Amino acid sequence: MHTLSVLIGVFALASAGGYLVVRHAVNSTIEHQALTVAEIVASQATTARSVYSSEVANKLSRDGFGPNVDWDKMPGHVPIPAQFLKMVGRASSENSARLYEYKPVSRWNLEPTQGLTDEFLRWAWPQLEAQDRPAPKAPIEWKAVSRIETAPDGQRVLRYLSADAASQQSCAACHNAYEKRPDILARRVADGVPTGKQWQQHQLLGALSITIPLDKAQALAGTQINETAVFIFAILVASFSAMFWFNWRLARQERSLRETEGQLKSRELEARTANELLQARQGVERAFAELSTYMQAIDQHAIVSVADRAGRIVQVNHRLLAVSGYARHELIGQDHRVLNSGTHAPEFFAHMWHTLERGEIWRGAICNRAKTGELYWVDSAIVPLTDAGGQVDRYLSICIDITERKRAEQDMLRMATHDSLTGLVNRALLHDRIHQALEADKRAHAQAAVLFIDLDQFKAVNDSLGHKTGDIVLVEVARRLQACVRGEDTVARHGGDEFIVFLPHLQDAQAAGVMAERVQNRLALPFMVDGRELFVGSSIGIAVFPDDGHDADTLLKNSDAAMYQVKDSGRNHYTFFAPHMNQLATDRYTMVSELRGAAERGELLLNFQPIIGMDSGRIEAMEVLLRWQHPQRGLVSPMQFIPLAESSGLIVPIGEWVIRSACEQIRAWAAAGLRVPTLAINLSAIQVHHKALVERIAAVLYETGVDASALEFEITEGSLMNKTDEVITTLQQLSQLGLRLAIDDFGTGYSSLSYLKRLPVDTLKIDRSFVMDIRGGTGADADDAAIVRAVISMARSLKLKVIAEGVETPHQLQYLRVLGCDQYQGYLASRPLAAADAAKLLASPKVVAATAT
């Protein structure tokens, strides 16, 4: 009963709500339709007014009559458009059965019925005036004003006010003239209205007031709403009745279903119980089958054995026999020690038995020895088995063979701790060994030493003969070092051509010196590679523990500093570390840091050394030489800072600065009217192998506007030997830019005639070491003279120009002239000059060359 009451209440509320919603929707629709009708009426009225103004009034104006306010008193005249619109509005209202009415209104209209006669017009007119603009250049987008209100007779009406602007200039002119009439001015003053109002085209001149009654439409809609409500109510009543009947039927069916469901659950429980019993039986059978399979699989892949409480073997599987190599009768009754490899300490097995005796499973990796003596590793789990009384009476051992995994781990460990090329200890393992040995030496008050070994001349071998030959030499060096040391010593490759020998447990420091001499003697022996005899020397720095350091890093750093001291003092010997060597290393680091910003600070400058033509005796080129004017150190020698720039990589940006500065100097000299000779610029091996070299040189030439023929680049033989194909490609690209190329210091490397033929070079420069020894005697200077003669002859055959460096005496000059040398440079002609001094020399008409006698 309660449910029925709720349903009836819901039904009543739904009916009432639906009626109100529909009624509200219909009223809103009527209002929107009335607003649409008002917009249409306003549009038609405006159109009628425009047609009347343009077609009728203008026609009569041309005929001498036209519109006039007082048209009814003047024959041949017609009403003005506003009066015409008033008449049309009145007629439209009468002919439309009062469905709507409209009339023109204006604040400025003197006709009482066409002014702002009611509250709506007085409310709406200011809203239209607010949309007006002082001097519109185009028609204004007017927005009509409307509202729904109740008329004095009680009817609901739509009031609508639409702007009626001066659409034509003639309209504005007509009203402006009308406002200037004396009688109109007098009436404005009498009515208290401001005088002198003037309009422009498109401004608000008047408005169209439209009134549309809504009661008739609402009455008709109300009738339709009532009829629709009755129809919907009937449908809802029928639906409610049907729903009530279906609800009653569903309730009966639900009771029947609950009874059936109870019967099914009872039978389902019986079936489930029987099924569970069947599944349990099948599960036991399946588990037994799977257990048999697992046991077979374990027997195939796992090493299984069973031992009694005393540790004697009582059972083994075939896998254990296959791995160990023993027969079954050789293991049964034996202790597991028969498989002991001796790899593990006694403490290892003591811990294992202690765990088992507590009744816990022991897990771990064990290394065993097979009957053949070969070692194998197993990952083992030993399970204590108890009897009915809970006492351990057997041990089950299940093992997996992990020998291959252990070998892989050892290989990986070796790769992580040893050098891949030589097999020597790497830096990581070296640090660890030094640390452990030093701890022992501290307790024993013993000494230890680190020998830092750097190979001399190895770079020349690597560059000239290739990395493959260099690798063979490194492997042989490693073999010789290992042959020199004791079993407790460590030999490591530190990187590149640097090696470390660590000597622990020394009685005195002199033992380190003896070892250094032994190493140098071994490394001084020739290396035979592909039938070729090669020689490398060694520079060795020694740091001794504890005098020169108490840890690995300090000993390595100090031995490195001692090694650099050996290199600075002639190479190929050894020296012990001294405290001042750290200062030298610090000075090198400081100089690199200061060199990094030298160009930006204006400390780098260029000098120019003239290159003289043998025949002309004039300056035909100049070599560009880099100088560093340090604010504290003064003029730093290129022999000091150029190697530092190359080792730190700064030579690349510094080299580009040199090229750019040389190009800017060419432009400056040319602008001064000087005859600018070719400038020869040195390229280091690092620059030659830099991928962006050609691109950067081309960019500098483009940015400075210097022609490529104004430059020549000098490349040493050593930079040509490594990565031959890449170097040839780079030189060809430089040549294609129009640059000239020269091989500097020729004769000091390993160039061959066949190799030179492949290079796009234009010039060979004979190294100064050969020229300086030409004195006209015999012996070593005669050999150098022969080398110079051979170089010039070879250059002639290859159609290359030859320049001799380091010419200091007239005898040297005359000798070179006789041999056919093309150009020379050296102190005989001129020392390197600053840019200003070089400019003076270029401006002088004087012949620079020295005359040979």
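Here's a quick tour of two spots in this structure: a run of paired strands and one serine. Keep in mind that the model is predicted. Strand S5 pairs with S4 and also with S6, while Ser 305 sits in strand S7.

**Strands S4, S5 and S6**

- Let's start with S5, which covers residues 156–165 and is mostly tucked away: nine of its 10 residues are buried.
- One partner of S5 is strand S4 (residues 145–150), and the two run antiparallel, joined over six bridges.
- If you want a pair to look for between these two, find Ile 148, which stands opposite Leu 158 in S5.
- S4 and S5 make a hairpin, with five residues between them.
- In that turn you'll meet Gly 154, whose phi is positive, at about 90°.
- Another partner of S5 is strand S6 (residues 204–213); this pairing is antiparallel too, with nine bridges.
- Here, a pair to look for is Tyr 160 and Ile 210, with Ile 210 in S6 standing opposite Tyr 160.
- As a rule, side chains in a regular strand take turns pointing to one face of the sheet and then the other.

**Ser 305 and its surroundings**

- Ser 305 belongs to strand S7, which spans residues 303–308.
- Is Ser 305 buried or exposed? Ser 305 counts as buried because its relative accessible area is 4%, and the cut-off for buried is under 20%.
- Leaving out residues up to four places away in sequence, Ser 305 touches Gln 315, Val 316, Leu 320, His 336, Tyr 395, Leu 396 and Ser 397.
- With His 336, the side chain of Ser 305 makes a side-chain to side-chain polar contact of 3.4 Å.

Note on methods:
Residues are numbered from 1 along each chain as its sequence is written. This is a predicted model: local features need pLDDT of at least 70, side-chain atom pairs count only at pLDDT 80 or more; totals for chains, interfaces and linings use all residues. Side-chain values use heavy atoms; hydrogens and water are left out. Helices (H or I, at least four residues) and strands (E, at least two) are DSSP runs, numbered from the N terminus. Buried means under 20% relative accessible area, exposed over 50%, partly exposed in between (1.4 Å probe, protein chains only). A polar contact is a pair of N or O atoms within 3.5 Å; within protein, one must be able to donate a hydrogen and the other to accept it, and residues adjacent in sequence count only if both atoms are side-chain atoms. Contact means heavy atoms within 4.5 Å. Two strands pair if DSSP finds at least two bridges between them.
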